[in-house]
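Student: Hi! Could you show me how to read a protein structure, one feature at a time?

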Amino acid sequence: MGQEIDLMVNYPRTKRNVDERGMEKTEEDRAIARQFGREFFDGDRKTGYGGFHYMARFWEPVIPTFQAHFGLTANSSVLDVGCAKGFMLYDMQRLIPGISVRGIDISEYAITHAKEEVKPFLQVADARALPFDDNSFDVVISITTLHNLEEEELAVALQEVERVARKGSFITLDAYRNDEEKKRMEAWNLTAKTMMHVDEWKAFFKKVGYTGDYYWFIP
Ligand SMILES: C[S@@+](CC[C@H](N)C(=O)[O-])C[C@H]1O[C@@H](n2cnc3c(N)ncnc32)[C@H](O)[C@@H]1O
C-alpha cells in the first residue's frame, strides 16, 4: 500500500471563510461549477475560483517536496491528472529543467487558457480513460480532482493512475476526520461527488487496488 503523506505541506493555505462560502452556494451554483468551464475558473467566486491566475507562490514551494519524495530528475516523466491551466507543471519544468511533463484535464476552457509555456504538453481528456499506454510515466500526480467523480467512476480513475504510473503516484482528495470537519467540508464543497472519512478512503484504495501515495484536502 502507498503512504499517507502530506506532499502539499508547503502549499499556501487559503484564508477564505469556509462557512460564508457555504451559505452563499446554491444547487444552481454547483451545477454551473461542475461544468468546469469559464464560470468555474474565471467567473464569480460563488461558482469557483473567482479568477484562476498563475502565481509562483503556490506551486514553487511544493515542487521540491515532490522532487525529493519521488527522486525526480531531468530524466523523469510526470503526468498531472486534472492539470487545469498547467500551473503546477509549469513550475515543475522551471525548477527541474529537462523533466518531461504531460497534463490532462476534462475542461476545454482550462486547456485553451493554459499557461502558454506548457500548453504543448497538455490535452483535454478524462481521468476515467487516460489516453496513454501502460507504464507511460514515472510518476502520476492528481491534486483535488478525482473526488469530482462518483464512487464507481473514481475506482476506474484510480485504476487508470495505477496503469500508467511506473514508479509511483500521489493524489489528494476531499476528506474529513470527524463530524466538525465533515460539516465544514459539506459547507465548502462546490464540485465533489465523493467525500469520505479518511479511514473510508483507505479502505476504498485497498478495495480498488490503488497502491500509490495520498493525502487529504480538509478545509
Ligand atoms: C479543484 S480543480 C484542481 C486543479 C489543479 N489540480 C490544482 O490543484 O490547481 C479540479 C480540476 O479537475 C478537473 N476535472 C474534473 N473532473 C475531471 C475528470 N473526470 N477528468 C479530468 N479532469 C477533471 C477540473 O476541470 C479541474 O481543473
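Tutor: Happy to! Keep in mind that this is a predicted model. Let's begin with charge: the protein chain carries 28 positive and 36 negative side chains, and the centres of the two sets lie 3 Å apart.

Student: Which secondary structure elements does the protein chain have, and how many?

Tutor: Counting helices and strands is a good way to get your bearings. Here the protein chain comes to ten helices and seven strands.

Student: How does the radius of gyration of the protein chain fit a compact globule?

Tutor: The idea is to compare the value for the chain with a rule for its length. For 219 residues a compact globule would have a radius of gyration near 17 Å, and the protein chain has 16 Å, so the two agree. You can also look at the extent along the principal axes, where the C-alpha trace spans about 45 × 40 × 30 Å.

Student: How much of the protein chain is buried?

Tutor: A residue counts as buried when its relative accessible area is under 20%. By that cut-off, 51% of the 219 residues are buried. The accessible surface of the chain comes to about 10500 Å², and carbon and sulfur atoms hold 48% of that area.

Student: What do the contacts say about residues that sit 24 or more positions apart?

Tutor: Take the contacts with a separation of 6 or more: residues 24 or more positions apart account for 71% of them.

Student: What does the UniProt annotation cover?

Tutor: An annotation comes from a record, and you can then look at its span in the model. The unreviewed UniProt entry gives "domain: Methyltransferase type" for residues 79–171. In the model, that span is 30% helix and 27% strand, and its end C-alpha atoms lie 12 Å apart.

Student: Now for backbone angles. Which residue other than glycine has a positive phi?

Tutor: Thr-144 is one of them, with phi near 40°. Thr-144 sits in the loop between strand E4 (137–142) and helix H8 (151–164). Its relative accessibility is 30%, so Thr-144 counts as partly exposed. Phe-36 also has a positive phi, about 50°, although it is not a glycine. You'll find Phe-36 in the loop that joins helix H2 (27–33) and helix H3 (38–42).

Student: Is Phe-36 buried or exposed?

Tutor: Use the cut-off again. Phe-36 has 15% relative accessibility, so Phe-36 counts as buried.

Student: Let's go to helix H8. Is Glu-160 buried or partly exposed?

Tutor: Glu-160, which lies in helix H8, is buried because its relative accessible area is 11%. Gln-159 is in helix H8 too, but with 38% relative accessibility Gln-159 counts as partly exposed.

Student: Which residues does Glu-160 contact, leaving aside neighbours within four places in sequence?

Tutor: Setting those neighbours aside helps you see what else a residue meets. Glu-160 is in contact with Ala-127, Arg-128, Ala-129 and Leu-130. Ala-127 also gives us a distance to look at: its C-alpha atom is separated by 9.9 Å from that of Gln-159, 32 residues apart along the chain.

Student: And what does Gln-67 touch, not counting residues up to four places away?

Tutor: Gln-67 touches Leu-72 and Ile-96. Gln-67 belongs to helix H5 (residues 63–70), and it is partly exposed, with a relative accessible area of 28%. For one more distance, try Gln-67 and Trp-216: they are 149 residues apart along the chain, and their C-alpha atoms are separated by 19 Å.

Terms used
Residues numbered from 1 in each chain as written. Predicted model: local features only at pLDDT ≥ 70, side-chain atom pairs only at ≥ 80, totals over all residues. Heavy atoms only, no water. Helix = DSSP H or I, 4+ residues; strand = E, 2+ residues; numbered from the N terminus. Rg over C-alpha atoms; globule rule 2.2 N^0.38 Å. Buried < 20%, exposed > 50% of the residue type's maximum accessible area, 1.4 Å probe, protein only. Contact = heavy atoms within 4.5 Å. Areas by Shrake-Rupley, 256 points an atom, 1.4 Å probe, with all protein chains shown as cover. Lys, Arg positive; Asp, Glu negative; His and termini not counted. Charge placed at Lys NZ, Arg CZ, Asp CG, Glu CD. UniProt positions renumbered as here; feature names shortened; annotations may be inferred.
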